[in-house]
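User: I'm new to this and would like a close look at one buried spot, then a walk outwards from there. Could you keep it informal and explain the terms as you go?

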Amino acid sequence: MFSYYFSLAVRSLKRNPVITALMVAAIALGIGATMTVFTVFHVMSGDPIPSKSSRLFVPQIDNWGPKSHRDGDNDPADQLTYTDATALMRAHQGVRQAAMYAAGFSLTPENKDIKPFFVEARATYGDFFPMFETPFLFGQGWSNTEDEAKAAVVVLSKKTNDKLFAGINSVGKSINLDGRDYRVIGVLDAWEPAPRFYDVTGKTFGDTEEVFIPFTHAIEQQIGSHGNNSCNDDPKAGWDNYLVSECVWIQFWIELPSAADATRYSAWLDNYAREQQRLGRFTWEPNNRVRDVQAWMVAEKVVPNDAKVSVLLAFSFLLVCLINTIGLMLAKFLGRSGEIGLRRALGANKAALFAQCIVESGVIGLAGGLIGVALTALGLVGIRGIFPEDVAHLAHLNVGLILLTVALAVVATVLAGLYPTFRAMQVQPAWQLKSN
Amino acid sequence: MEIGPIFSALRRNKVGALLIALQVALTLAIICNALFIINERLAFIARPTGIDEGNIFVIKNLWVGRGTDAQNTSLLQTDLQTLRDLPGVADVYSTNTVPLTNGGWSDGVNLTADQEHSTTQAANYFVDEHALNTMDIKLVAGRNFKPEEITDRAERDSGLPDSMIVTQEFAQKMFPTESALGKAVYMEGKKPTTIIGIIENLQVPWVGSWVKTWGYTAALIPQRMIRQNSAYVVRAKPGQLQTAMKAAETKLFSINPLRVISSVKPFSEIRAKAYRGDRAMAILLSIVCSALLIITALGIVGLASFWVTQRRKQIGTRRALGATRRNIVNYFQTENLLITLVGIVLGIVLAVGLNLWLVNNFELTRLTWWYLPMGAVMILLLGQAAVLPPARRAASVPPAVATRSA
């Protein structure tokens with residue numbers, strides 16, 4: 001029966017090529033625009049570490065107090081001071097934890113044919129690697145021993161290893177950063193969490209760092225932050241004054257055994273703040289936050305408003321396209337009243353006619369969807385041309401997306417076809433036959 | 001023109017007419033808001049930085065190895081003198097940051113040493129006496145720094161020097177009723193800094209919404225940053241930007257190869273990068289608007305064509321009874337006008353509603369009122385243009401059709 005309806009649908013669509021083309025074009029354009037914008041949005045709002053995003057938390061401590069809050073927003077700073085970050089590291093309340101900050105170096109290769117170049121670096125603790133499940137190509141991350149020893153070891157990104165050592169296992173070799181030698185302890189495989197969730201104060205999307213070194217070593221070497229640094233007061237001259245200042249510049253992540261442990265950790269953090277209160281450092285009640293990955297992405301506004309507005313407008317556009325299609329389908333189905341009347345008179349029941357009309361709208365949706373996939377692919381190429389590289393290069397057409405596009409087109413068109421179908425079923429066979 | 005018959009005809013095609021009206025309404029709501037956002041973005045992107053953008057390029061330099069402050073100071077001096085001696089170069093200074101790079105240093109500005117909440121936030125540009133000439137910024141009051149006023153600032157130094165130059169916006173915010181020249185403000189710490197000069201206009205390094213209220217509140221601090229890395233801002237002589245850029249990089253490497261020059265960028269590139277997201281949004285919205293107008297127009301063409309086919313006999317009858325071609329065209333145009341007007345009324349309500357919702361949820365601004373009539377006229381003209389081809393076809397239906405049986 002389906003194949004009969006299908007051939008009927010194709011024949012009927014061929015009879016009014018202009019109206020058919022208009023309907024298919026409307027669906028294709030609507031779907032193409034919507035799916036293009038949605039793909040970008042989807043990439044931006046994705047879960048960067050789905051296996052454990054509900055167990056990874058960012059603690060926030062209000063170290064500036066109510067004086068720093070404006071316009072009713074009493075959220076604490078989004079980074080920690082050195083004092084708090086190291087206190088939280090020592091407290092060891094989670095399964096794993098890591099304080100970290102962005103740094104930058106000039107890297108001088110041993111191979112004199114390669115000119116010195118600039119590398120982005122991350123100073124962090126050994127737990128960083130297992131906590132964020134970074135894939136390793138060679139070797140591994142460092143352990144607590146290196147953290148405590150403030151060892152000059154380094155983990156390279158795949159890109160850096162390819163550039164310096166032509167991709168071979170470089171564990172045990174050494175590289176020079178700003179004049180100091182570091183022993184390679186591990187090489188990461190390609191690692192591109194999107195968003196780059198572990199530090200969204202700088203770039204929220206894009207490459208991860210080229211080298212990773214122990215936090216303790218970086219502090220000892222007085223290596224300053226290349227990332228965001230905020231002070232509420234003059235930190236006074238010198239490195240030691242900077243470390244005890246209330247300037248916030250360190251990101252901190254903690255892995256708890258389960259999502260439920262956040263409450264316990266929150267309570268612990270409040271106790272810590274109360275202790276600081278007793279010591280006279282804070283003169284206000286504890287005002288802390290503990291957020292998991294997804295809540296953190298929301299709090300830090302990782303998905304820009306522009307992306308949300310675009311998705312909204314794209315879906316409104318699809319709605320207009322569907323209304324357009326309803327109108328045209330209505331015209332088309334009612335224009336065939338004679339034929340429908342004839343079929344009814346010859347014994348086709350309402351269910352059969354319903355099926356026929358639904359198949360016809362499905363065929364329009366399928367055609368629109370297939371062209372829509374092509375338009376989405378085209379749209380994504382266009383997006384890569386106009387959008388900042390870091391976001392745009394993430395947006396690709398994949399099998400799941402193609403299926404979603406076609407499914408959305410068919411479902412939307414069939415839904416749009418319901419009213420015209422309902423109207424077609426109301427055709428009175430006798431009246432149609434008589435009047436013609 | 002009798003609109004009675006049009007109403008009775010529409011009553012027989014209620015749903016079709018309603019669908020067109022709905023489509024017109026949604027299109028109007030989206031177009032008004034989208035055009036408004038596009039125009040806002042274009043104005044945002046077009047804001048001047050205040051510097052001679054056409055002739056300026058920026059070199060980012062990083063020393064290899066870790067020199068002492070004294071070593072880095074002398075390396076920096078040599079670099080600046082070398083660049084200044086190049087034939088295509090007008091002037092040079094070194095700094096921590098430049099406008100539109102989205103990275104830098106800001107401070108709260110106070111009128112007294114123990115003020116609770118800062119009067120405003122301001123960007124700090126660390127510069128020397130060559131900065132004004134390099135950026136080609138006009139001094140509107142006071143004077144430029146003297147060479148002996150420029151001090152060195154090492155990585156962890158703190159506190160500001162005694163004098164600085166500020167922008168007009170800075171001056172007006174701190175001293176709205178009097179001249180800021182010679183007045184003191186407190187920025188970093190408890191020590192006052194005197195304003196010795198006021199410049200016309202200079203944008204802060206950031207373009208995000210958080211600097212909305214202080215986008216041009218900047219201070220020039222007479223200190224040379226002594227660091228591993230610095231930015232050299234170079235103004236090329238007119239028409240020599242490209243040659244000066246190449247010559248600068250080659251020359252710097254030839255006097256000292258122990259460095260990384262991570263970028264040499266004309267300012268136009270810095271500007272393009274800073275506003276790429278906003279430009280993308282404007283382009284994306286323009287595409288959606290165009291597609292929307294096309295779809296709506298095609299929808300009107302499609303449905304009107306169908307109605308013409310459906311009413312061939314009636315049209316023929318009217319023609320046989322003496323209606324002119326003009327009458328028939330008018331009929332369809334009036335019909336479209338009525339439907340579109342209903343859509344426009346509904347669309348204006350939707351446009352305002354959509355805008356309010358966007359304002360509340362996405363930090364957008366309130367729609368300027370004249371976008372509504374402008375959008376309405378646009379849609380009205382679009383509808384009339386779209387209905388014209390089917391109306392013309394209707395007018396060509398011969399009166400003889402009336403006499404034929406269907």
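Analyst: Leaving aside neighbours within four places in sequence, B:I315 is in contact with B:I328, B:A394 and B:V397; two residues are in contact if their C-beta atoms, placed from the backbone, lie within 7 Å. This is a predicted model, where local features need pLDDT of at least 70, side-chain atom pairs count only at pLDDT 80 or more, and totals for chains, interfaces and linings use all residues. Residues are numbered from 1 along each chain as its sequence is written, while chains are lettered from A and ligands numbered from 1 in the order in which they are written.

Back to our spot. B:I315 sits in helix α9 (residues 312–320) of chain B; helices (H or I, at least four residues) and strands (E, at least two) are DSSP runs, numbered from the N terminus. B:I315 counts as buried because it has 24 C-beta neighbours inside 10 Å. The cut-offs are 20 or more other C-beta atoms within 10 Å for buried, 12 or fewer for exposed, and partly exposed in between, with C-beta atoms placed from the backbone. One of its contacts, B:I328, is 13 residues further apart along the chain, yet the two C-alpha atoms are separated by 7.5 Å.

Now try another buried residue of chain B. B:N124 lies in strand β4 (residues 120–126) of chain B, and it counts as buried because 22 C-beta neighbours fall inside 10 Å. Not counting residues up to four places away in sequence, B:N124 touches B:W105, B:S106, B:D107, B:A219 and B:I221. B:S8 is another story: its C-alpha atom and that of B:N124 are separated by 71 Å, with their places 116 residues apart along the chain.

How is chain B divided up? Chain B has domain 1 (4–46 + 277–403) and domain 2 (65–257), with bounds that come from an automatic or database domain assignment. Taken over C-alpha atoms, the centres of these two domains of chain B are separated by 55 Å. As for confidence, chain B averages a pLDDT of 92, and 99% of the residues score at least 70; pLDDT is the predictor's confidence in each residue, from 0 to 100. The model scores ipTM 0.85 and pTM 0.87.

For contrast, look at an exposed residue. B:E363 is in the loop between α10 (325–362) and α11 (371–395) of chain B, and it counts as exposed because it has 11 C-beta neighbours inside 10 Å. Its phi is near 55°, a positive value in a residue other than glycine. Most residues other than glycine have a negative phi, and most peptide bonds are trans. Chain A has a similar case to look up: phi of A:H92 is near 55° too. A:H92 lies in the loop between α3 (82–91) and β2 (96–108) of chain A, and counts as exposed because it has 10 C-beta neighbours inside 10 Å.

Finally, the partner chain. 45 residues of chain A are in contact with 49 residues of chain B. On the chain A side, the largest share, 20 residues, comes from α11(A). That side divides into 27 nonpolar, 12 polar and six charged residues; Ala, Val, Leu, Ile, Met, Phe, Trp, Tyr, Cys and Pro count as nonpolar, Asp, Glu, Lys and Arg as charged, and the others, Gly among them, as polar.
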